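Student: I would like to practise reading a model residue by residue and strand by strand. Where should we begin?

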Amino acid sequence: MKGLYTALMCSFDEKGNVNEKGLREIVRHNIDVQQMDGLYVNGSTGENFLISLAQKKQIFDIVKNEAGDDVKLIAQVGALNLDEAVELAKYATDLGYNAISAVTPFYYKFDFEEIKDYYNTILNSVDNDLIIYSIPALTGVNMNLEQFGELFENDKVIGVKFTAPDFFLLERIRHAYPEKLIFSGFDEMLLSASVLNVDGAIGSTFNVNGQRARQIFELAQEGRIDEARDVQKATNDLIAGILDNGLYPTIKEMLKYKGVDAGFCRKPMKSLSEEGIKRAQEIADKHL
Ligand code: SI3
């Protein structure tokens, strides 16, 4: 399961329906052009928390049907409604997804026992491996080394998608749990995480910048840090522009600019104005 995974975008039409043709094009683009090792489906980038249960299943279906066994597939199933998370975990496992992943439960201030119970409930319902999705800036859930260790005691928890700028904690987890998989989550920090020997990365910007991500990751593994730093710099020039213009809508416009039917974002996320679209294209021309 090691390697580089796109946090897959989903294409929606203007009414918010899944645009199947567009989603298939995004899948192919990530496999054939960006040459990713795998796809992380229905994560933050997939606008997962804005869509219905039926749409989540529809997306799992389409992605598996299009990707087949070409690349590894991870299904993000985490949800505040635990019954829904379990249903999705079973659904994706039956479809043949290689692993499931679940965001830490958020919004309410769950204590660690509750978080552990959430993961155990999902895990006990399926015969599949799980990757914890930790993203404290969006969930407010900050787990410490010991708490990661408690979750890792379950052999079915094979790793963590670590989306945080806490390199002290990242190094401690790497050192304490060499057998677990760590995926770096912030694309703008990929080099720093790679130096700490992560096993791979999962990123939204890989939808358009996957080849550079691979260069950063592989150069760092080879110890060619000066060269990796140059590629991270080019990447961060791109990411700074994307973040400034609006993360997901800008990546969608860049995909459309490259001929991939990435569609619209789900409300309440807004799509770009004419000016924003022009800006996305300028950033693509300059930095891709
Ligand atoms: O679940 C997912 O879609 C991700 O993997 C998210 C990934 O960690 C991204 N984080 C968010 C919140 O979108 C990053 O790739 C992020 O977009 C990028 O580093 C720019 O900040």
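Tutor: We begin with the contacts of a loop residue, bearing in mind that this is a predicted model. Sequence neighbours up to four places away are set aside, and what remains for Ser-271 is contact with Phe-264 and Cys-265.

Student: Where is Ser-271 found?

Tutor: Ser-271 sits in the loop that links α11 (247–257) with α12 (274–287). A C-alpha distance adds to the picture: Ser-271 and Pro-249 are 22 residues apart along the chain, and their C-alpha atoms are separated by 5.7 Å.

Student: Is Ser-271 buried, partly exposed or exposed?

Tutor: Relative accessible area decides this, with buried meaning under 20% and exposed over 50%. Ser-271 has 34%, so it is partly exposed.

Student: Now the annotations. Which residues does UniProt place under "binding site"?

Tutor: An annotation of this kind comes from a record, and here the UniProt entry is unreviewed. It puts the feature "binding site" at Thr-45 and Ile-202. These residues are spread over 158 residues of sequence yet cluster in space, with a largest C-alpha distance of 10.4 Å. Thr-45 and Ile-202 are also included in the lining of the largest pocket.

Student: What surrounds Thr-45?

Tutor: Thr-45 lies in the loop between β2 (38–41) and α2 (53–67). Beyond its neighbours within four places in sequence, Thr-45 is in contact with Ala-7, Leu-8, Met-9, Ser-204, Asn-207 and Tyr-248. Its relative accessibility is 5%, and therefore Thr-45 counts as buried.

Student: And what does Ile-202 touch?

Tutor: Ile-202 belongs to strand β8 (residues 200–203). Not counting residues up to four places away in sequence, its contacts include Tyr-5, Ala-7, Tyr-40 and Lys-161. Phe-183, Ser-184, Gly-185 and Asp-187 are also touched by Ile-202. With a relative accessible area of 1%, Ile-202 is buried.

Student: How are the strands arranged as a whole, and in what order?

Tutor: For that, one follows the pairing from strand to strand. Here 8 strands close into a barrel, in the order β1-β2-β3-β4-β5-β6-β7-β8, and the pairing is parallel. From one strand to the next, the twist averages 25°.

Student: Take one strand of the barrel. Why is β5 described as largely enclosed by the rest of the structure?

Tutor: One counts the buried residues along the strand. In β5 (residues 130–134), 5 of the 5 residues are buried, so the strand is largely enclosed by the rest of the structure.

Student: Which residues of β5 lie on each side?

Tutor: Leu-130, Ile-132 and Ser-134 are on one side, while Ile-131 and Tyr-133 are on the other. Both faces are covered, and all of these residues are buried.

Student: How many bridges join β4 to β5?

Tutor: Strand β4 (residues 99–103) and β5 run parallel and are joined by 4 bridges. Within this pair, Ser-101 stands opposite Ile-131. From β4 the chain passes through helix α4 (residues 112–125) to reach β5, a β-α-β crossover that is right-handed.

Student: What about the pairing of β5 with β6?

Tutor: Strand β6 (residues 157–162) pairs with β5 over 5 bridges, in the parallel sense. Two positions fix the register: Ile-131 is opposite Gly-159, and Ser-134 is opposite Phe-162.

Student: Which helix lies across β5 and β6?

Tutor: That is helix α6 (residues 145–152), which runs at about 145° to β6.

Conventions:
Residues numbered from 1 in each chain as written. Predicted model: local features only at pLDDT ≥ 70, side-chain atom pairs only at ≥ 80, totals over all residues. Heavy atoms only, no water. Buried < 20%, exposed > 50% of the residue type's maximum accessible area, 1.4 Å probe, protein only. Pairing = 2+ DSSP bridges. Right-handed = clockwise from strand over helix to strand, strands pointing away. UniProt positions renumbered as here; feature names shortened; annotations may be inferred. 1 Å grid on protein atoms, 1.4 Å probe; cavity = no way out; pocket = protein on both sides within 12 Å on 5 of 7 lines; lining within 4 Å. Contact = heavy atoms within 4.5 Å. Axes fitted to C-alpha atoms, helices over the stretch in contact; angles between N-to-C directions.
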